[in-house]
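Work through the exercises below with the model open. Each one has a task and a stepwise solution.

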Amino acid sequence: MVDFKGLSHLQDFCTGEFVVTTEMLCGHFNPFLSLAQQQGLSAEQLMRLCAAGAQCENASARVNVVAMVGISGHVLAKEEISADTLKVMGDFLLQVMTKDSSLVVVGEALDALIDVFADGLEADRAARQMKLLHALKSFQPVFKSRIQKEGKGNLTIDQRLVLDNVKINLRRFIAYREALMEK
């Protein structure tokens with residue numbers, strides 16, 4: 001078994017022998033993520049950790065979870081036989097995209113989806129299996145509407161600029177995926 005250097009809770013979590021409370025995970029999530037990346041958790045273990053982290057009340061912690069999935073997925077997209085793992089990651093990001101209450105977290109999930117499925121044969125295969133294009137096209141007007149409604153008084157200028165950039169990238173990514181589908 002992997003030595004987690006004193007963080008036996010993470011080791012127990014990864015083997016399914018420990019129930020991680022949301023409060024514990026949210027309070028220690030960044031060290032958990034760093035350690036998880038160093039120790040090379042399996043995709044299933046990583047996604048269990050991320051699913052728990054996505055339940056944190058703190059939106060910054062949820063943004064970190066989504067960003068970590070996006071970075072991991074982007075790296076995996078270039079490897080052979082990763083389509084199944086990418087599909088699991090993509091399904092997680094789609095769920096965050098459609099269900100998270102924070103517009104900033106939703107924007108990060110969209111940005112991560114774009115990064116993960118931007119290129120690579122495995123990314124293309126996974127995107128087709130999960131009907132990513134259809135999901136993004138359906139969500140695009142919802143995202144635009146949320147930016148208009150929630151963006152006026154609830155977001156900082158920097159957050160608004162990031163979300164506007166995600167909105168533009170989403171439009172471009174949909175056009176790119178449509179062009180791939182025509183080939």
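The exercises cover a pocket and several salt bridges in a predicted model.

**Exercise 1. The largest pocket**

Task: Find which residues line the largest pocket, and sort them by class.

Solution:
- Start with the volume. The largest pocket has about 220 Å³.
- List the lining. Ala51, Ala54, Gln55, Arg62, Phe92, Gln95, Val96, Lys99, Asp100 and Ser101 line the largest pocket.
- Sort by class. Four lining residues are nonpolar, three are polar and three are charged.
- Assign the lining to elements. Helix H6 (residues 83-99) gives the largest share, four residues.

**Exercise 2. A salt bridge between lining residues**

Task: Work out which residue pairs with arginine 62 in a salt bridge, and where the two partners sit.

Solution:
- Identify the partner. Arginine 62 forms a salt bridge with aspartate 100, and their closest N and O atoms are 2.8 Å apart.
- Place both ends. Arginine 62 lies in helix H5 (residues 59-76), while aspartate 100 lies in the loop between H6 and helix H7 (103-116). The pair is 38 residues apart and links distant parts of the chain.
- Check burial against the cut-off of under 20%. Arginine 62 has a relative accessible area of 7%, so arginine 62 is buried. Aspartate 100 stands at 11%, so aspartate 100 is buried too.
- Return to the pocket. Arg62 and Asp100 are both among the residues that line it.

**Exercise 3. A bridge between two helices**

Task: Decide which helices the salt bridge of lysine 137 and glutamate 178 links, and whether its ends are buried or partly exposed.

Solution:
- Confirm the contact. The side chains of lysine 137 and glutamate 178 meet at 2.8 Å, N to O.
- Locate the ends. Lysine 137 belongs to helix H9 (residues 132-150), and glutamate 178 to helix H10 (residues 157-182). The two residues are 41 residues apart, in distant parts of the chain.
- Read the accessibility. Lysine 137 has 41%, so lysine 137 is partly exposed. Glutamate 178 has 29%, so glutamate 178 is partly exposed as well.

**Exercise 4. A bridge within one helix**

Task: Explain why arginine 146 and glutamate 150 are separated by about one helical turn.

Solution:
- Take the contact. Arginine 146 and glutamate 150 form a salt bridge, with the closest N and O atoms 2.8 Å apart.
- Count along the helix. The separation is about one turn because the two residues are four residues apart in helix H9.
- Compare the ends. Arginine 146 is buried at 15% relative accessible area, whereas glutamate 150 is partly exposed at 25%.
- Set the pair in context. The structure holds seven salt bridges.

Terms used:
Residues numbered from 1 in each chain as written. Predicted model: local features only at pLDDT ≥ 70, side-chain atom pairs only at ≥ 80, totals over all residues. Heavy atoms only, no water. 1 Å grid on protein atoms, 1.4 Å probe; cavity = no way out; pocket = protein on both sides within 12 Å on 5 of 7 lines; lining within 4 Å. Points joined across faces, edges and corners; volume = space filled by probe spheres on them. Nonpolar A, V, L, I, M, F, W, Y, C, P; charged D, E, K, R; others polar. Salt bridge = Lys/Arg side-chain N within 4 Å of Asp/Glu carboxyl O. Buried < 20%, exposed > 50% of the residue type's maximum accessible area, 1.4 Å probe, protein only.
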